[in-house]
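Open the model in your viewer and keep the selection tool at hand. The stops below are given in the order in which to select them.

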Amino acid sequence: MAQDGGTVVPVDTIKKKTGVSRSWMLLDSSGEGTILDLDRQSIMRRVPINARDLRILDPMLSYPSTILGREKAIVLNLEHIKAIITTEEVLLRDPLDDNVVPIVEELQRRLPMAVCRGEGEDDDRPEMRNEVETDAETEFPFEFRALEVALEGICSFLDARTRELETAAYPALDELTSKISSRNLDRVRKLKSAMTRLTSPVQKVRDELEQLLDDDDDMADLYLSRKLGGVSSPASGQGQGIPNWFPASPTLCSKISKASRTSGFTTQSTENDVEELEMLLEAYFMQIESTMNKLSTLREYIDDTEDYINIQLDNHRNQLIQLELFLSSGTVCLSMYSLVAAIFGMNIPYTWKADHGYMFKWVVILTGIACASIFLFLISYARHKGLVGS
């Protein structure tokens, strides 16, 4: 079911809508998903981000892959994955898109947290209290789990497309080297265009992860739970632990109360948290770097194939030039032979024609020898200058 301006709308109705979809899926910390039909103003009232950040998620505008850390939200634009992540919920755009459906399913599977224990006899036992505190210390923050699912989804998607391209490209390139034809050339041209289109998003995602890894402040901005915990700490002097735009959450309350009891948000803790996020980003940076290397290797293979094809074409072109040289030399010699024949064939009386029947035989023999000698001389001269192969 979906909510449209406060009214429940069936999911099938949203699937039938045309034009730019305004559908969003809201996933909370329990993994429950609700499809909402929200405009820009509704989103800005629900999530504290500005209009400029929201434009990044507009499918009608072409923005590069971006991961932005704001005060209370993470704005995520990774190709088809466009989401707003807070400490308790994820707003995912176009959840019915075929490429986004696996991300929704993965978020629903991995977002649910361990339910905090209520007040009871189990909590009075020291070993159970220590176990709960240990789990809270090692628990990955909600926003990082959502970010990890998005990064894993986009990296896996791009890697799968790269493998499909490799599967189609390498046999096509090998076939082209064995037989140069218009069909094979057009096939490789299309594959090269597909590779170029795929390289662009892979490069953008890689550059964004690299930029985040190079700046600790940008990584610290992504730690929303730390900011929320800092607001609720005793040093802040505020009685409210959670801003009024967040719904109540037992897990989040447990984190904030633990932050109030301990000194977890010290400088050392901050450094460890950034290091934890850095390890997360490095893992997917290495994966997207591996995908980029596959595309680079494929591009080099295509370039090598093009060089090989150009060498073959140059060789054929040289062979045609040699053949043209042979034909031109033969044509010159035959022209000289025809000139002699034309001179002797003129209907003009000559004194030496009378009683000299042997002249025809010697003219033909000597002219043929002279033309053949000239032809051999031209070919020898061309070989000496390197114009034809030996």
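## Stop 1: Arg110 and helix H4

Select Arg110, which counts as partly exposed because its relative accessibility is 21%. The cut-off for buried is under 20%. Keep in mind throughout that this is a predicted model.

Now add Glu106. Its relative accessibility is also given as 21%, so Glu106 counts as partly exposed. The two side chains form a salt bridge, and the closest N and O atoms of Arg110 and Glu106 are 3.2 Å apart. Colour residues 101-110 to see helix H4; Arg110 and Glu106 are four residues apart in this helix, which means a separation of about one helical turn.

## Stop 2: the whole chain

Zoom out to the full protein chain. It has 390 residues, of which 36% count as buried. A cartoon view should show 13 helices and eight strands. Switch to a surface: the chain exposes about 22400 Å², with carbon and sulfur atoms supplying 54% of that area. For contacts in the chain with a separation of 6 or more, 68% come from residues 24 or more positions apart.

## Stop 3: Leu158 in helix H7

Colour residues 142-178, which make up helix H7, and select Leu158 within them. Is Leu158 buried or exposed? Its relative accessible area is 1%, so Leu158 is buried.

Next, show what surrounds this side chain. Leaving aside residues up to four places away in sequence, Leu158 touches Leu198, Pro201, Val202, Val205, Ile288 and Thr291. Then draw a distance from the C-alpha of Leu158 to that of Met292: it should read 9.5 Å, although 134 residues separate the two in sequence.

## Stop 4: aromatic pairs

The whole structure contains three aromatic pairs. One of them is Phe144 with Tyr223, an edge-to-face pair with 4.9 Å between the centres and 75 degrees between the planes. Phe144 belongs to helix H7, while Tyr223 sits in the loop between helix H9 (216-221) and helix H10 (224-232), so the pair ties together parts of the chain 79 residues apart in sequence. Both Phe144 and Tyr223 are buried.

For another pair, select Tyr170 and Tyr301. Their ring centres are 5.0 Å apart and their planes are at 70 degrees, so this pair is edge-to-face. Here Tyr170 of helix H7 is linked to Tyr301 of helix H12 (residues 267-344), 131 residues apart. Check the accessibility of each ring's residue: Tyr170 is partly exposed with a relative accessible area of 23%, and Tyr301 is partly exposed with 29%.

## Stop 5: more salt bridges

How many salt bridges does the model hold? The count comes to 18. Select Arg40 and Asp58 for one of these; their closest N and O atoms are 3.8 Å apart. Arg40 lies in helix H2 (residues 40-46) and Asp58 in the loop between helix H3 (51-55) and strand E5 (66-69), so this bridge ties together parts 18 residues apart in sequence. Arg40 is partly exposed, with a relative accessible area of 34%, whereas Asp58 is buried, with a relative accessible area of 15%.

Move on to helix H8 (residues 182-214), where Glu210 and Arg206 lie four residues apart, about one turn of the helix. Their side chains meet in a salt bridge at 3.1 Å, N to O. Glu210 counts as partly exposed at 30% relative accessibility, but Arg206 is buried at a relative accessible area of 16%. Finally, select Glu106, Arg109, Arg110, Glu148 and Glu152 together: salt bridges that share partners join these residues into one network.

## Stop 6: the annotated spans

Select residues 325-350 and 362-382. An unreviewed UniProt entry annotates both of these spans as "transmembrane region". Keep residues 362-382 and colour by secondary structure: this span is 100% helix and 0% strand. A distance drawn between the C-alpha atoms at the ends of residues 362-382 should read 30 Å.

Key. Residues numbered from 1 in each chain as written. Predicted model: local features only at pLDDT ≥ 70, side-chain atom pairs only at ≥ 80, totals over all residues. Heavy atoms only, no water. UniProt positions renumbered as here; feature names shortened; annotations may be inferred. Helix = DSSP H or I, 4+ residues; strand = E, 2+ residues; numbered from the N terminus. Buried < 20%, exposed > 50% of the residue type's maximum accessible area, 1.4 Å probe, protein only. Contact = heavy atoms within 4.5 Å. Areas by Shrake-Rupley, 256 points an atom, 1.4 Å probe, with all protein chains shown as cover. Phe/Tyr/Trp six-rings, centres within 6.5 Å; stacked < 30°, edge-to-face > 60°. Salt bridge = Lys/Arg side-chain N within 4 Å of Asp/Glu carboxyl O.
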